[in-house]
Amino acid sequence: MHAASGRHIRLSLMPGRSLYDALVQPLAEIGVRNASTTILGGFFDDLIYCVAPPDPSGQALVAYSKPIRAGRSFMIFGNATLGKSMRGEPLVHCHAALRTEEGLVRGGHILTDVSIVGRNPIPVLVTSLEGFELRQAYDPETNMPLLQPYKESPHE
Amino acid sequence: MSNAVVEKGSMGRVAYARIAPNEDLVQGIEKMCLSEGFTNAFVRGALGSLVDACLGTLDGKYLQIKGPAVEIVSLAGEVRANADGSLRASLSGVVAGPDGNVYGGPFVAGSNPICMTFEVTLEEWLPEAKAAS
């Protein structure tokens, strides 16, 4: 799915907010509900992530691990996709490389609602997706709910 | 430069450059913007090597990775104009030391001399005249 053009925005993730709130709320205020974003690096007061090893039960392709607390960390680089969950709420899917409080370089799936932006604003380059939307929907191949592109809902 | 949470704008010119040995990574990118006339820019691609790498940590401490050479594996960041017209590059990335171990963090200005070469593409960022906040 494609659009003729996309809008660009430079967003500052504000200190003390969760990564989820810092991304979702300012973009919603300017009508951006679907976007690909690049997080350009910055400190977090708390950063929690998980990884995705194969599902031991074999029911799905992978099974997310328990949350891993990286603590006061530096997010080296991240990508976050903004879309809509199966319940119709904003959804942020974020993967990132990070340096943990212990100084280890790690990476994984960031739990955005419990990861808290640190003392300085963090710059994000946002490319807004216009003319279609990203919705979480069941994917039969992986047996997981995944973000997928759809034509925009006519009532929105 | 605006400190708005949301800054609308568009991409402008694209510049590619090689930064030479012993030039500083962060200052080299700032100089590149000055010479190209870019006031704000995003780093859109970069690779190269450092003599030694210096990454910032919490509370103003530093992590030094001894080379040569320390390879830059990934790099992201931006250049922004200060109120006085000077430019400031904020760059972070992953580097690989001579032993193959990887390290990551923000690059400290003035402490990351290029070793062999550093190739970088910058995309000019043009904020709208009146940014939403």
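In this predicted model, a good place to start is inside chain B, where strand 2 (residues 41-50) is joined to strand 5 by 5 bridges, with the two running antiparallel. From there we can follow strand 5 to its other partner, look at helix 1, and end up at the side of chain B that touches chain A.

**Strand pairing inside chain B**

- Here's one pair from the strand 2 and strand 5 ladder: B:Phe42 has B:Glu78, in strand 5 of chain B, as its bridge partner.
- Strand 5 of chain B also pairs with strand 6 of chain B, again in the antiparallel sense, and this time over 10 bridges.
- Within strand 6 of chain B, B:Ser92 is the residue that stands opposite B:Ala76.
- Strands 5 and 6 of chain B form a hairpin with 5 residues between the strands, and B:Gly85 in that hairpin takes a positive phi near 90 degrees.

**Helix 1 of chain B**

- Helix 1 covers residues 25-36 of chain B, and a quick length check works out: at 1.5 Å a residue its 12 residues should span 16 Å, and the end C-alpha atoms are 17 Å apart, which agrees.
- The buried residues in this helix are B:Leu25, B:Val26, B:Gly28, B:Ile29, B:Met32 and B:Cys33.
- Look down the axis of helix 1 of chain B and those buried residues fall within an arc of 165 degrees, so they line one face of the helix.
- What do the buried residues of helix 1 of chain B pack against? They pack against strand 1, strand 2, strand 5, strand 6 and strand 8 (114-127) of chain B.
- Just after helix 1 of chain B comes B:Gly37, which has a positive phi of about 80 degrees.

**Where chain B meets chain A**

- On the contact count, 23 residues of chain B touch 21 residues of chain A.
- On the chain B side, at least two residues each come from strand 1 (6-19), strand 5 (70-81), strand 6 (87-96) and strand 7 (102-106).
- Strand 1 of chain B gives the largest share of that side, with 6 residues.
- By residue type, the side of chain B that touches chain A splits into 12 nonpolar, 8 polar and 3 charged.

**Strand pairing across the chains**

- Strand 1 of chain B also pairs across the interface: 4 bridges join it to strand 1 (residues 7-13) of chain A, and the two run antiparallel.
- One facing pair there is A:Ile9 with B:Lys8, the latter sitting in strand 1 of chain B.

Notes
Residues numbered from 1 in each chain as written. Chains lettered and ligands numbered in written order. Predicted model: local features only at pLDDT ≥ 70, side-chain atom pairs only at ≥ 80, totals over all residues. Contact = placed C-beta atoms within 7 Å. Nonpolar A, V, L, I, M, F, W, Y, C, P; charged D, E, K, R; others polar. Pairing = 2+ DSSP bridges. Expected span 1.5 Å × (residues − 1). Buried ≥ 20, exposed ≤ 12 C-beta atoms within 10 Å, placed from the backbone. Arc of directions from axis to C-beta.
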